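Work through the following exercises with the sequence and the model open. Each task is followed by a solution in steps.

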Amino acid sequence: MAVTERRISPRYLVSCAVQVAVTQDGNTSVYPATSINLSRSSMQLACKPDLISAILRQPVLPHTCQLEFALPGYAQQFRINAQVLTYRRVAQDALVLVVQFINMEAEQEALLVSALDTQEKIWPA
């Protein structure tokens, strides 16, 4: 029996630097991460434990952060608010963080969709 993905939108294999801003008690700290894959509504990131620790210190659920990144080959800088969905450890000092975009402006979403159409699709919708 074949396994099928039940995704709203396709995932794209995109590797780019991502700056993840985490705000806690009025103070914002920025952590580096790298995208693993991306869709029009979410992103999977490779990160270090200090980012996850900062996110988990947020006193309010759901945990949130702000992502800033540019897709390979594009000058457009995206700044998108995100909600943390899950994370998992893949090695002693390496984790995978999955976030869902929230409150994205329509213009940014349209630019993201247009840019993703040029990337390698890894999972269809």
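**Exercise 1. The faces of a strand**

Task: determine which side chains of S5 are buried and how they are arranged along the strand.

Solution. This is a predicted model. Step 1: take the side chains that point to one face of S5, namely Cys65, Leu67 and Phe69, which are buried. Step 2: take the other face, to which Thr64, Gln66, Glu68 and Ala70 point; these are not buried. Step 3: read the two sets together, and the side chains alternate along S5. In a regular strand the side chains alternate between the two faces of the sheet.

**Exercise 2. The partners of S5**

Task: find which strands pair with S5, in what sense, and over how many bridges.

Solution. Step 1: strand S2 (residues 17-24) pairs with S5 in the antiparallel sense, over four bridges. Glu68 of S5 is the bridge partner of Gln19. Step 2: strand S6 (residues 77-91) also pairs with S5 in the antiparallel sense, here over seven bridges. Thr64 has Gln83 as its bridge partner in S6. Step 3: look at the hairpin of S5 and S6, where six residues lie between the strands. Within this hairpin, Gly73 has a positive phi near 85 degrees.

**Exercise 3. An aromatic pair**

Task: count the aromatic pairs and classify what is found.

Solution. Step 1: with ring centres within 6.5 Å as the criterion, the count is one aromatic pair. Step 2: the pair consists of Phe69 and Phe78, with ring centres 5.4 Å apart and planes at 25 degrees, so it is stacked. The cut-off for stacking is an angle under 30 degrees. Step 3: check the surroundings of both rings. Phe69 has a relative accessible area of 1% and is buried; Phe78 is buried too, at 1% relative accessibility.

**Exercise 4. Cysteines**

Task: explain why the structure holds zero disulfides, using the sulfur of Cys47 and that of Cys65.

Solution. Step 1: a disulfide needs sulfur atoms within 2.5 Å. Step 2: for Cys47, the closest cysteine sulfur is that of Cys65, at 9.7 Å, which is too far for a bond. Starting from Cys65, the closest cysteine sulfur is in Cys47. Step 3: the count of disulfides is therefore zero. Step 4: add the accessibility. Cys47 is buried at 7% relative accessibility, and Cys65 is buried with a relative accessible area of 6%.

**Exercise 5. Two helices**

Task: locate the buried residues of H1 and of H2 around each helix axis, and state what they pack against.

Solution. Step 1: in H1, Leu51, Ile52, Ala54 and Ile55 are buried. Seen down the axis of H1, these residues fall within an arc of 160 degrees, so they line one face of the helix. Step 2: they pack against S2, strand S3 (27-38), strand S4 (42-47), S6 and strand S7 (94-102). Step 3: in helix H2 (residues 106-116), the buried residues are Gln108, Leu112, Ala115 and Leu116. Their arc around the axis is only 95 degrees, which puts them on the same side of H2. The other side of H2 carries the exposed residues Ala106, Glu107 and Ala110. Step 4: the cover over the buried residues of H2 includes strand S1 (11-13), S3, S5, S6 and S7.

**Exercise 6. Three single residues**

Task: describe the accessibility and contacts of Gln58, Gln108 and Ser41, leaving aside neighbours up to four places away in sequence.

Solution. Step 1: Gln58 lies in the loop between helix H1 (49-56) and strand S5 (64-70), and is buried at 8% relative accessibility. Its side chain reaches the backbone oxygen of Thr64 at 2.9 Å. The residues touched by Gln58 are Val22, Thr23, Gln24, His63 and Thr64.

Step 2: Gln108, in helix H2, is buried at 13% relative accessibility. Contacts of Gln108 are with Gln76, Gln77, Phe78, Arg79 and Ile80.

Step 3: Ser41 sits in the loop between S3 and S4 and is partly exposed, at 29% relative accessibility. Ser41 is in contact with Ser9, Val99, Gln100 and Phe101. Although Ser41 and Gln100 are 59 residues apart along the chain, their C-alpha atoms are separated by 5.9 Å.

How values were computed:
Residues numbered from 1 in each chain as written. Predicted model: local features only at pLDDT ≥ 70, side-chain atom pairs only at ≥ 80, totals over all residues. Heavy atoms only, no water. Phe/Tyr/Trp six-rings, centres within 6.5 Å; stacked < 30°, edge-to-face > 60°. Buried < 20%, exposed > 50% of the residue type's maximum accessible area, 1.4 Å probe, protein only. Polar contact = N/O pair within 3.5 Å; in protein donor to acceptor, adjacent residues only side chain to side chain. Contact = heavy atoms within 4.5 Å. Pairing = 2+ DSSP bridges. Arc of directions from axis to C-beta.
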